[in-house]
Amino acid sequence: MARKFFVGGNFKMNGSRASIKKIVEDLNDADLPSDVGMEVVIAPPALYIHCAKELLKNPEIKVSAQNAFPKPSGAYTGEIAAPQIKDAGADWVILGHSERRTINKESDDFVAEKTAHALENGLGVILCIGELLEERDTGMTLVVCNRQLDAVIDKVKDWSNIVIAYEPVWAIGTGLAATPEDAQSTHSEIRHYLAEKLGEDQASKIRILYGGSVNGKNAKSFNACPDIDGYLVGGASLKPEFIEIIKSRE
Ligand code: PEP
C-alpha cells in the first residue's frame, strides 16, 4: 500500500492573525495537487488554530497544534489539552519537537506520555525525533532515534495515527539540510527498527517525514528517496515557497 505523501508546516511561535490569514488565503488560492493522495497540515500557534480552521476552504488541508499536555483538563496553568485542541478544530499535534526537548527539557518518557494521551483523545501525532550535531558526529544518530522511538513503543502499540518526523537537530533552521542520501539512509534504518519492534506490516505503513531546512529549492531533491514520505517544514512554511514544497511531488 502506497503511503500518502504528507507535508506539515510548523509555524512555531510566529505570526499574527493577519499573517496567518494571508498564509491560509494563499493556500486556499493555490492550485494544490488534489488527485495524488497528498495530506497537508499546518500548525499555527495554538491561539490561531481556530482562526486558521475557520478560514481554510480546502478540506484536504488540516490543522495541527504544536504541543498538548497529557491531561484532559485541570489545574495546569498555561497548558493546552488534547480535547481543547480537537474542539478548536485541529486533527493533529506535533510532539517531541527538538525545541521542546531541548529548551523545555521534555524527556523521552514525557513525549511518549503525551503521544499516548493525544492518540487516546483522537488526535493524530506528528512525532519528531532526531539527533544533535555532536551525536551525529559520534555515530549516535540511530541510537538516539531508536531511544526516542522506544519510549513511545513502550506506551503505544497502534501506530496508525502517528507520523514520524525525522529532524536532525543540526539541520533545523540552519539552512543545512541533510543530503537526500543521508536522509534516505536514516529513514530506511528507522523503518527497519520499527519493523523489528512493531512488525513489518505496521512499519511499512508508517509515514516518515524529513524535517530540517526543507525549502522550495531542495524539496524536489528528496523525491527519489523511497522512505521519505513527506516533510515537516519550519521557516519555509511561513513563506509562499511552502506551496512550491507541497507541489514538489507533482
Ligand atoms: C522544524 O522546526 O520542524 C523545522 C524543520 O524547521 P526548518 O524547516 O526551519 O529547519
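Helix α7 of this predicted model buries T141, C145, Q148, L149 and V152. The helix covers residues 141–155, and its length is as it should be: at 1.5 Å a residue, these 15 residues should span 21 Å, and the end C-alpha atoms lie 22 Å apart, which agrees. An α-helix has 3.6 residues a turn, so residues three or four places apart point the same way. With that in mind, the list of buried positions is a handy guide when looking along α7. The cover over these buried residues includes helices α5 (108–120), α6 (133–137) and α8 (180–198), together with strands β5 and β6 (162–166).

Of these neighbours, α8 can be described in some detail. The axes of α7 and α8 are 11 Å apart and make an angle of about 35 degrees, and their crossing is right-handed. On the α7 side, the residues that meet α8 are T141, L142, C145, N146, L149 and I153; on the α8 side, they are T186, E189, I190, Y193, K197 and L198. By character, this contact divides into 7 nonpolar, 3 polar and 2 charged residues. T141, C145 and L149 appear here and also belong to the buried residues of α7.

Helix α5 is another part of the cover over α7. Its 13 residues reach 18 Å from the first C-alpha to the last, close to the 18 Å expected at 1.5 Å a residue. Buried in α5 are V111, A112, K114, T115, H117, A118 and L119, a list in which K114 and H117 may catch the eye. The buried residues of α5 pack against α3 (82–87), β4 (92–95), β5 and α7. After α5 comes G122, with a positive phi near 85 degrees.

Strand β5 thus appears beside both helices, in the cover of α7 and in the packing of α5. The strand also has a place in the largest nonpolar core, which has 68 residues and in which V93 and L209 have the most contacts. To this core β5 (residues 124–129) gives the most, with 5 residues. In soluble globular proteins, nonpolar side chains tend to be buried together. Leaving aside residues up to four places away in sequence, L209 touches F6, G8, V163, I164, A165 and Y166, and also D229, G230, Y231 and L232.

Away from the core, two lysines are worth a visit for their backbone. K12 has a phi near 55 degrees, a positive value in a residue other than glycine, and is found in the loop between β1 (5–10) and α1 (17–29). K12 counts as partly exposed because it has 18 C-beta neighbours inside 10 Å. K105, likewise not a glycine, has a positive phi of about 55 degrees and sits in the loop between α4 (98–102) and α5. With 8 C-beta neighbours inside 10 Å, K105 counts as exposed.

The loop between β1 and α1 also holds M13, which is exposed, with 7 other C-beta atoms within 10 Å. M13 and E200 are 187 residues apart in sequence and 37 Å apart in space, C-alpha to C-alpha. E200 begins helix α9 (residues 200–205), in which S204 also lies. S204 is exposed, with 12 other C-beta atoms within 10 Å. From S204 to R191 the separation is 13 residues in sequence and 7.3 Å in space, C-alpha to C-alpha.

Conventions
Residues are numbered from 1 along each chain as its sequence is written. This is a predicted model: local features need pLDDT of at least 70, side-chain atom pairs count only at pLDDT 80 or more; totals for chains, interfaces and linings use all residues. A nonpolar core is a set of buried Ala, Val, Leu, Ile, Met, Phe, Trp, Tyr and Cys residues joined through C-beta atoms within 7 Å. A residue is buried if 20 or more other C-beta atoms lie within 10 Å of its own, exposed if 12 or fewer, and partly exposed in between; C-beta atoms are placed from the backbone. Helices (H or I, at least four residues) and strands (E, at least two) are DSSP runs, numbered from the N terminus. Two residues are in contact if their C-beta atoms, placed from the backbone, lie within 7 Å. The expected span of a helix is 1.5 Å times one less than its number of residues. Axes are lines fitted to C-alpha atoms, for helices over the stretch in contact, and angles run from 0 to 180 degrees between N-to-C directions. A crossing is left-handed if the near helix is turned anticlockwise from the far one by less than a right angle, and right-handed if clockwise. Ala, Val, Leu, Ile, Met, Phe, Trp, Tyr, Cys and Pro count as nonpolar, Asp, Glu, Lys and Arg as charged, and the others, Gly among them, as polar.
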